[in-house]
Amino acid sequence: MSVVTPAHGTSNNESVADPVLDAIRQQWGASVVCEQQTLTGLPVIWVSRDSLVDVLGFLRQMPQPFSLLYDLSAIDERMRSHRHGLPASDFTVFYHLLSVDRNRDIMLKVALQNDDLSLPSCVSVFASANWYEREVWDMFGIHFSGHPRLTRILMPPTWTGHPLRKDYPARATEFDPYSMTVAGQETEQQALKFDPEAWGMKRERNGSEFMFLNLGPNHPSAHGAFRIVLQLDGEEVVDCVPDIGYHHRGAEKMAERQSWHSFIPYTDRIDYTGGVMNNLPYVLAVEKLAGITVPSRVETIRVMMAELFRINSHLLFLGTYLQDLGAMSPVFFAFSDRQRAYEVIEGITGFRMHPAWYRIGGVMQDLPTGWEKLMQGFLDWMPARLREYERAMMDNAIMRERTKHIVAYNTEEALEWGVTGPNLRATGCDFDLRKKRPYSGYQNFDFEVPLGSNGDVFDRGQIRIDEMRQSLRIIQQCVDHMPSGDYKADHPLTTPPPRERMLQHIETLITHFLQVSWGPVLKPNESLQMIEATKGINSYYLTSDGNTMSYRTRIRTPSFPHLQQIPSLMKGGFVPDLIAHLGSIDFVMADVDR
Amino acid sequence: MMGWLTPEVIDVLIAVGQAVVILLGGVLLGAVMTVVERRLLGLWQDRYGPNRVGPFGSLQLVADMIKIFFKEDWIPPFADRKLFVLAPAIAMASLLLSFMVIPITPGWGVADLNIGLLFFFAMAGINVYAVLFGGWSSGNKYALIGAMRASAQTLSYEVFMGLSLMGVVAMAGSFNMREIVAAQEGLWFIVPQFFGFCTFLIAGIAVTHRHPFDQPEAEQELADGYHVEYSSMKFGMFFIGEYVGMVLVSALIVTLFFGGWHGPWLPPFIWFALKTGAFLCLFILLRASLPRPRYDRVMSFGWKICLPLTLINLLATGAVILLTSAS
């Protein structure tokens, strides 16, 4: 066992004194291969493959347990040059666990060699590992023994190759021109056909046949290209199988081909209703790698715009949620409110849905003259509308009958399935990163965290209306107390770099030129930033290999586990309840498939 | 020379003329309602609705008609052709025929049947087959679920729809629509038959599959339900049929509970049109304002609340009539 200090950057002494680590060292000392120091802000320990499931089980069972498997993915280490002191590994699988009680995280890593890419499945410990392990199999070709059904999840079942491997081409031009023959189309369609036996489903019960209903990927309530196959007895859902991947664009792969700076616009399109909210975890993680501290004006501007996008996203949620419950009017009201928000967003950023407005070390430009008046107009408009939504819809008897105690789950079930964000807080669990782990200056704001009690469809709707009120409060504080100062950090890695000194002598001009053309070079290290995004906890886990591009960008999105949870909740429910639940999850497929 | 033009023949010609006018009027009104509904929904939903074709969007109807007539009339290869073609015809025809029994003004109306009300029930019963055939013959699971919902819903709501009107029949002492209207000269039946009105209104919405009883279509759940495989004018007939049903139920409510053409100062036809229009607006307003209850709740609401209510209403009405006639 050895403690590795990072080649560069600060060492994280805090994690060394961690009681959890002490307990692991005491009980599992022999299986801990190495403790890695990173800029992620959480203890990262490498464990041996054989003891992995036991250590995970230990963490899951300990007092104040790590009950949420926050993330699970892998890194292809074969091309990584800066691995000083780390165990030899061709592929590394990492397990990111979160304890709500302790408000602490821990990351376990397992080294795998190219000739033996296999490790035991941890589905028995964490139910939510199921899809994550399938994703790792799909993307890296790493086998999980004991997994109930290890098949491709994001790529089509007919796909060959594992896209996130370093030897897999990232660009279409590196492949032969694409063609689709009639026979090929036939094969693809056959592959999409649902086979109940493959999922262990029976075709009949007591002599009456089940109906297998294919809902999506084109269905008005599927909220994008989402498919879920229902096993129906009359209108009762006996079982269901969600099928994702129709919106997969390979954002994580693209990150390995874009400079640190030019990847920002791609983040906007992950949760496409979240706009600049998506930029936030990415630029914060990059800033950790670069060692940039931004001025308080930048922090406040970022918080303000992120909260505005939270309102915007929640309004879209509210409209479609009510629409899925059969109320046709609210969505139009919500969209006209969103239009008002977009007028402010457009006035400030110059763009509407995907402004890509945050920059490494700042934002794209300073707030325009008169922005306060624009924003205040929106702040004055919204409260009455929120009251109207509550009076007209949330108090409606039919609406309450459709949502109260429908598809309810408790905190324990939520954590078991990796549920975060408003859906977790609807169960009464007080876990909001803005309060628990303030970032970008959230500790300076006065706001409350709305909580639900039943964890049902109603609470998931109501909590978002309450969150919009809190967001309005935060924005109001931004308007009232916007700090003066610069909109960019004065740091050599701020991108694009400040122009003021650029034309004064040749050295700064050259640096400026390199940084704009190649982009900044970040020192080798790993960093991670979680934020409370619109739909739950979103994070970027960046691995830098000392290059202008990221070596590995892991994007953990909240919607992915939220969809995985559906079958566990829907057994025995009715089709309309499923639709109500889909509406209440608040997912977009881009956020699931990435 | 004009010897064949006996008074009887003239009567027949007038009756035929009236019938054609009312038939076309019914269809046209149904078609116009599609546009009226979109404009009204626009008004209530903070948006414009179709306002581009002609002044205030008044020619939108023409544009829609042209579009729907010239769309490809596609029958899916997996559909049962005969039933598939028959279904929209039933949907439209059964409801249009029901217009026959509605007395519009003292002088206007197609048929003065003694069994007027029963004829409407019969036609509403036949209308179920349209949905059932459409859903079954489409060979589509969504359509099938829609059809299943539609038949269950319509059957259960028709049970108390009939019963809800028996109070009116008992008070008027007739199934004949003209006599029912005449019986309301002094007092509209809405007052003594308030519960009958409530349940009939609910049943009427359910039978025409209008929101919030649009379970058979339920776009968010069944992606349009029983007519999901229909296109072009076949879809158009289902579509117009629904609006014709709306007009029909509104006209019936006016006839049975709101005194038909009765009203001061204005001519009878205007009164009839105004009252019917008000109920058409109510139909649209309901769609704009309510969420959709769950299917099983709709059924239990029908059987557990509406049916007992109509029975109590009928018993109470009967008791009152017996008491008053005895004294």
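This passage describes a buried strand with its two partners, and then a pair of helices, in a predicted model. Residues are numbered from 1 along each chain as its sequence is written, and chains are lettered from A. Local features need pLDDT of at least 70 in this model, and side-chain values use heavy atoms, with hydrogens and water left out.

A good place to start is strand β17 of chain A, residues 537-544 (strands are DSSP runs of E with at least two residues, and helices runs of H or I with at least four, numbered from the N terminus). Because 8 of its 8 residues are buried, β17(A) is largely enclosed by the rest of the structure (buried means under 20% relative accessible area, with a 1.4 Å probe and protein chains only). A:Ile537, A:Ser539, A:Tyr541 and A:Thr543 point one way, whereas A:Asn538, A:Tyr540, A:Leu542 and A:Ser544 point the other way.

β17(A) pairs with strand β16 (residues 525-532) of chain A in the antiparallel sense over 8 bridges (pairing requires at least two DSSP bridges). Here A:Tyr540 is the bridge partner of A:Gln529. Strand β18 (residues 550-556) of chain A also runs antiparallel to β17(A), joined by 6 bridges, and A:Thr553 is the bridge partner of A:Leu542. The hairpin of β17(A) and β18(A) has 5 residues between the strands, and A:Gly546 in the turn has a positive phi of about 75°.

Turning to the helices, the axes of α9 (residues 296-324) and α10 (residues 330-349) of chain A come within 8 Å and cross at roughly 165° (axes are lines fitted to C-alpha atoms over the stretch in contact, and angles run from 0 to 180 degrees between N-to-C directions). That makes α9(A) roughly antiparallel to α10(A), a term for angles over 145 degrees.

Methods
This is a predicted model: local features need pLDDT of at least 70, side-chain atom pairs count only at pLDDT 80 or more; totals for chains, interfaces and linings use all residues. Buried means under 20% relative accessible area, exposed over 50%, partly exposed in between (1.4 Å probe, protein chains only). Angles under 35 degrees count as roughly parallel, over 145 as roughly antiparallel, 65 to 115 as roughly perpendicular and the rest as oblique.
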